[in-house]
Amino acid sequence: MKKQLLFSLVTLAFFATGNAQITAIPDAKFEAYLVEKNIDTDGVVNGQMATADAEALTTLSISNYSSNGEYIYDLTGIEAFVNLESLTVHSTMITELNIQTLTNLRSLDCGDNNLTSLDVSHNTLLTSLVVQGFGDLLPMNQISQLDLSHNPLITRIEAINVQMIDLRNGNNQPQMSIIISYDRGGIPPDYISGHTCILVDDENLASANSAPYNTWRITSQHRTYSLTETCEVNRKEHKANMVSVYPNPAQDVFTINTAKGETITDASLYDITGRLVKKYDVLQNSFSVAGVQNGTYVLKVATATASHDIKLLVN
């Protein structure tokens, strides 16, 4: 009888262990962070963690985490943190952030990464969002459009340099705070760096400064904005002011095209770590990438009225 009981207990333990859910964490730096913070409780960087460890958290902050100059490039596994209400991800090299399963999320701060887009359509409880890409050094987000039409509870948005924000959610909240540009020290007060089109439910009420729009606080130093139901006109205006590069990818040389009347005052090439690779003579017509290793770079172009960050591929 005792042997049979012991056998039954061992069998149950085996099945309990065998059925324990595991989440893959392929990025060693991401897992090292989780181990360092005692989140991954096995304490070993082995490409996986217990799913229960992820489900136990309601708050997670990954900020400025770089070991020996090596950054986190992949947050695969974040999908298992399904009970998170607050997530901060700063200064990583991630190009994607999959948060579709994080349906309890109220606050998301993913400023200063390498994101070019963000899907928050499944995060319907979201009230605060930070996606800024601002500064001289990478990582730096390059998000041009932000769809918040599925986020009716949103009341705080920090979206530096984002060109379009869709807030047509049928429930534009009062006391909305929207930051689309900071006051940059030493910049002339009349300097304008682009336009942000904010799509709203009722542009007539917004134009009349009626509720709820008369309670909104929009921070927009050095940037113009509009509250409208369509962005077609503003998209054309923005396109007319864009700086373009041809060819891209570049092999030997490239050309910078600007809108009529715009004069280039500075052009510099940076690698993905923010290191200056080349500073160009803006009086020339073509710009060489001779000696530049193949890869992805950021070309920073300044004109008399605006600055532009352009992703440039060198082959």
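In this predicted model, the count of disulfides comes to one. The bond joins Cys 197 and Cys 231, whose sulfur atoms are 1.8 Å apart. The link between Cys 197 and Cys 231 is left-handed, with -90° about the S-S bond. Cys 197 sits in strand β13 (residues 195-199), while Cys 231 belongs to the loop between β15 (224-228) and α5 (232-240), so the disulfide ties together parts of the protein that are 34 residues apart in sequence. Both ends of this link are covered: Cys 197 is buried, at a relative accessible area of 2%, and Cys 231 counts as buried too, at 3%. Another cysteine, Cys 110, is likewise buried, with a relative accessibility of 0%.

Turning to the nonpolar interior, the largest core holds 49 residues, of which Phe 81, Leu 87, Leu 108, Ile 157, Leu 167 and Ile 178 touch the most other members. At least two residues of this core come from each of α2 (28-36), β3 (59-63), β6 (86-90) and β12 (177-181). Helix α2 gives the largest share, with three residues.

Leu 108 offers a good view of the packing. Beyond its neighbours within four places in sequence, Leu 108 is in contact with Leu 87, itself among the core members that touch the most others. The remaining partners of Leu 108 are Leu 97, Ile 99, Leu 118, Val 120, Leu 126, Ser 128, Leu 129 and Val 130. Apart from the largest core lies another one, made up of 18 residues, including Val 243, Phe 254, Ala 267 and Ile 310.

Methods: Residues numbered from 1 in each chain as written. Predicted model: local features only at pLDDT ≥ 70, side-chain atom pairs only at ≥ 80, totals over all residues. Heavy atoms only, no water. Core = buried A, V, L, I, M, F, W, Y, C linked by side-chain atoms within 4.5 Å. Buried < 20%, exposed > 50% of the residue type's maximum accessible area, 1.4 Å probe, protein only. Helix = DSSP H or I, 4+ residues; strand = E, 2+ residues; numbered from the N terminus. Contact = heavy atoms within 4.5 Å. Disulfide = S-S within 2.5 Å.
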